[in-house]
Structures are given as C-alpha cells and as structure tokens.
Amino acid sequence: GIDAIAKKSIKDIPKNISLAIVIDDEGKGISHKTKKNLHSLYAIPIDNNLDSYNVSVAAAITLYEIIK
C-alpha cells in the first residue's frame with residue numbers, strides 16, 4: 001500500500017515479483033481495515049512544500065519506480 005506516513009520508501013518496493021498496489025485518495029488515505037490486510041506500506045518521497053499528490057500522480061510515480 002502507498003501511505004504518506006509509511007516508514008519505507010517506494011524505492012524499497014521489491015522488483016520482479018507479483019504484487020498489487022493499493023492507493024486511496026489523498027484526503028482519508030487507506031482505511032485501517034484495508035491496511036491490516038496489506039503486507040507492506042510505502043511512502044512516496046515528497047517535497048516539504050507539498051501536502052500530498054493526487055491519486056493519479058501517486059499511481060504514476062509508484063508505477064514508474066517499480067518498472068525503472
């Protein structure tokens with residue numbers, strides 16, 4: 001899952017494995033119920049001047065990081 005307060009960075013997402021990515025809106029984020037069913041949470045590095053990315057930008061950044 002992609003979560004702003006996660007301790008791991010998206011740069012730490014394992015490559016070459018099967019995975020599902022869970023991203024929710026920038027307001028509420030991923031629910032606690034959903035988080036309990038995820039193996040790991042990762043944060044997207046973000047500039048201090050920004051609060052969050054919208055969900056489409058977060059998805060694009062995450063997918064790019066996985067395939068690069």
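Read from the N terminus, the elements of the chain go β-α-β-α, which makes two helices and two strands. The radius of gyration comes out at 11 Å, close to the 11 Å that the globule rule gives for 68 residues, so the chain is as compact as a globular protein of that length. This is a predicted model, and the mean pLDDT of the chain is 89, with 100% of its residues at 70 or more. Of the elements, strand 1 (residues 8–9) has the highest mean pLDDT, at 95, while helix 1 (residues 32–35) has the lowest, at 91.

As for overall dimensions, the C-alpha atoms fit a box of roughly 30 × 30 × 20 Å along the principal axes. Among contacts with a separation of 6 or more, 72% link residues 24 or more positions apart. Buried residues account for 22% of the 68 in the chain. On the outside, the accessible surface adds up to about 5200 Å², and carbon and sulfur atoms supply 54% of that. Turning to charge, the chain carries 9 positive and 8 negative charges, and the mean positions of the two sets lie 9 Å apart.

One residue deserves a closer look. Asn16 sits in the loop between strand 1 and helix 1, and its phi is positive, about 60°, although it is not a glycine. Most residues other than glycine have a negative phi. Asn16 also counts as exposed, because its relative accessibility is 84% and the cut-off for exposed is over 50%.

Note on methods. Residues numbered from 1 in each chain as written. Predicted model: local features only at pLDDT ≥ 70, side-chain atom pairs only at ≥ 80, totals over all residues. Heavy atoms only, no water. pLDDT = per-residue confidence, 0-100. Helix = DSSP H or I, 4+ residues; strand = E, 2+ residues; numbered from the N terminus. Buried < 20%, exposed > 50% of the residue type's maximum accessible area, 1.4 Å probe, protein only. Rg over C-alpha atoms; globule rule 2.2 N^0.38 Å. Contact = heavy atoms within 4.5 Å. Areas by Shrake-Rupley, 256 points an atom, 1.4 Å probe, with all protein chains shown as cover. Lys, Arg positive; Asp, Glu negative; His and termini not counted. Charge placed at Lys NZ, Arg CZ, Asp CG, Glu CD.
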